[in-house]
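Please look over the sequence and the structure shown below before reading on. The report that follows is written for someone meeting such a structure early in their studies.

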Amino acid sequence: MQSSPTTPSSDERAEIVRYARALKGAPFELHGRRSVGIDCYGLPVRVAKACGFYLPDYVDYGRKATFKYFFPKFLTNFVVRGRDFRAQGAVVLMRQRNESAHFGIMSFKDNRWYVIHASNLPGVGMVVEEPLSSPFPYESRIAEIGDFCR
């Protein structure tokens, strides 16, 4: 009988968020995995490694990584929570309007949910922490939420 994957404890969730926040300001770089350049999938890869969780590091995607490419990988590598984002440190997979995929990590502060993500938008181009509901409707773009696992 296979054992169920272990998901983060509340202390580990806090550590995930602390580590993700420490990367705020890191510039966006396609396939980047370091604080001197990171992309939206590189953020959870880097956080998982730093916090002792397993996450395969895929780099065979282009600038507009498609949702179709990442969705099966998400289902395989995370403990899926559905659309329940109410967990700090959960990883969110969003579907953009152009069918590209985007990753972020959930955080909570000041009685409000946020997403920490590596944005490649003009004028941003770095890891930021933004409210889930504004200025962009991230919540409406959520496809899946998952937890890191061991």
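The sections below take up a helix, the charged pairs, the cysteines, two residues of a strand and a loop in turn.

## The model and its first helix

The structure described here is a predicted model rather than an experimental one, and a reader should keep that in mind throughout. Helix 1 covers residues 10-22, and its length can be checked with simple arithmetic: at 1.5 Å a residue, its 13 residues should span 18 Å, and the C-alpha atoms at its two ends are indeed 18 Å apart, so expectation and model agree.

Within helix 1, the residues Arg13, Ile16, Val17 and Ala20 are buried. When the helix is viewed down its axis, these buried residues fall within an arc of 95°, which means that they line one face of the helix. The face turned away from that buried side carries the exposed residues Asp11 and Ala22. On the inner side, the buried residues of helix 1 pack against helix 2 (42-50) and against several strands, namely strand 3 (79-82), strand 5, strand 6 (112-119), strand 7 (126-131) and strand 8.

## Salt bridges

How many salt bridges does a search of the whole structure find? The search finds twelve, and three of these pairs are described here. One of them joins Glu12 to Arg150, whose closest N and O atoms are 2.8 Å apart. This pair links distant parts of the chain, since Glu12 belongs to helix 1 whereas Arg150 lies in the segment after strand 8 (142-147), 138 residues apart. Both partners are partly exposed, Glu12 with a relative accessibility of 24% and Arg150 with one of 43%.

The salt bridge between Arg33 and Asp39, with an N to O distance of 2.9 Å, has a different setting: Arg33 is buried at 15% relative accessibility, and Asp39 is buried at 2%. Another salt bridge connects Asp84 with Arg81, where the closest N and O atoms are 3.3 Å apart. Asp84 is partly exposed at 26%, and Arg81 is likewise partly exposed at 25%. This pair does not stand alone, as salt bridges that share partners join Arg13, Arg81, Asp84, Arg86 and Asp147 into one network. Arg13, one of the members of that network, has already appeared among the buried residues of helix 1.

## Cysteines without disulfides

Why does the structure hold zero disulfides? Part of the reasoning can be followed through two of the cysteines, with the cut-off that a disulfide needs two cysteine sulfur atoms within 2.5 Å. The sulfur of Cys40 has its closest cysteine sulfur in Cys51, 18 Å away, and this is too far for a bond. For Cys51, the closest cysteine sulfur is that of Cys149, at 14 Å, which is again too far for a bond.

These two cysteines are also hidden from the surroundings to the extent that they count as buried, Cys40 at 12% relative accessibility and Cys51 with a relative accessible area of 14%.

## Two buried residues of strand 5

Strand 5 covers residues 101-109 and includes His102, which is buried at 9% relative accessibility. The side chain of His102 is joined to that of His117 by a polar contact of 2.9 Å. Leaving aside residues up to four places away in sequence, His102 touches several others, among them Cys40, Val92, Leu93, Met94 and Ala118.

Ser107 is also found in strand 5, and with a relative accessible area of 0% it is buried. A polar contact of 2.6 Å joins the side chains of Ser107 and Glu129. With residues up to four places away again set aside, the neighbours that Ser107 touches include Val17, Arg21, Gln88, Trp113 and Glu129; Val17 is one of the buried residues of helix 1.

## The loop after strand 5

Most residues other than glycine have a negative phi. Against that background, which sign of phi does Asp110 have? Its phi is positive, at about 50°, although Asp110 is not a glycine. Asn111 is not a glycine either, and its phi is also positive, at about 60°.

Asp110 is found in the loop between strand 5 and strand 6, and Asn111 lies in the loop between those two strands as well. Asp110 is exposed, with a relative accessible area of 67%, and Asn111 is exposed at 73%.

Note on methods. Residues numbered from 1 in each chain as written. Predicted model: local features only at pLDDT ≥ 70, side-chain atom pairs only at ≥ 80, totals over all residues. Heavy atoms only, no water. Buried < 20%, exposed > 50% of the residue type's maximum accessible area, 1.4 Å probe, protein only. Salt bridge = Lys/Arg side-chain N within 4 Å of Asp/Glu carboxyl O. Helix = DSSP H or I, 4+ residues; strand = E, 2+ residues; numbered from the N terminus. Polar contact = N/O pair within 3.5 Å; in protein donor to acceptor, adjacent residues only side chain to side chain. Contact = heavy atoms within 4.5 Å. Expected span 1.5 Å × (residues − 1). Arc of directions from axis to C-beta.
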